[in-house]
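Visitor: Could you walk me through a few labels and what stands behind them?
Guide: Happily; here is what we will look at.

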Amino acid sequence: MLFFGSMVMELVLEGLQKQFDKKTVLNQIDFSFSQGKIYSILGRNGAGKTTLFRCISEDLTFEKGAVFLNENGEMRKLSFADVGMVSASPVLPEFLTGYEFVNFFVKLNEEELNGKSIDDYFEMMRIEEADRHKLIKHYSYGMKNKLQLLCCLIRRPKIILLDEPLSSFDIIVSHEIKETLLRMKDNHIIIMATHIMQLAQDISDEIILLKQGKLLEMNTGEMDETRFEEYVIDALNEGE
């Protein structure tokens, strides 16, 4: 684990269980995620990746277990400020312009801009000046995703949850976001759910499979990189 100033952080899941009707989606998960790493969670459609993120962010209640933040050996429940989630299906106030929303977000959260202006963040996300002043309802899906991620980068929560973060971005923005996440990782816990295996391979320190309601860590150190996709598919199919 690495240091957030003088702080060491771990996200700890203890016996986390979530059911929908009679189907168990998360099956008493025990797992910890350390500061200073980027984790990629891979799994089939419907495996429960988004459900896991919604439980961690307390957007969804769960039947059993607990979620804690371990700071320097002291365990506590997560607060709203601890977690930032970039959803695969962003819900944004469509009656505001992109610029109005980001400006409102900054003032509402009393966030500092980390030495950058709002326009600097728009530039980083490759959002053109004319688009910044359009109503969000006229934004494409990809533009809405950019706006959502932009707000997360400004707020810099301790835990960053990314649900399919780059699936709608062009190659230039995707590269810049990957570089940004790599620069940020020492001071955060970053967990990413993705189906893009190359992305997982490029920037992840740990590859985790979500399979049959459990989180299973893969030993990437022993993998032949050219056969990474084959390893993942074989692991997901094993025992099915």
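Visitor: Which residue just after H5 takes a positive phi?
Guide: That is Arg156, with a phi of about 50°. This is a predicted model, where local features need pLDDT of at least 70, side-chain atom pairs count only at pLDDT 80 or more, and totals for chains, interfaces and linings use all residues. Residues are numbered from 1 along each chain as its sequence is written, and side-chain values use heavy atoms, without hydrogens and water.

Visitor: Why is Arg156 called partly exposed?
Guide: Buried means under 20% relative accessible area, exposed over 50%, and partly exposed in between (1.4 Å probe, protein chains only). Arg156 has 32% relative accessibility, so it counts as partly exposed. Arg156 is found in the loop between H5 and strand E8 (159-163); helices (H or I, at least four residues) and strands (E, at least two) are DSSP runs, numbered from the N terminus.

Visitor: What makes the span of H5 close to the expected one?
Guide: The expected span is 1.5 Å times one less than the number of residues. For the 15 residues of H5 (141-155) that gives 21 Å, and the helix reaches 22 Å from its first C-alpha to its last.

Visitor: How do you know that H5 is mostly covered?
Guide: Of its 15 residues, 14 are buried.

Visitor: What about Arg126, and where is it found?
Guide: Arg126 is in the loop between helix H3 (118-124) and helix H4 (129-132). Its phi is positive, about 60°, although Arg126 is not a glycine. With a relative accessible area of 41%, Arg126 is partly exposed.
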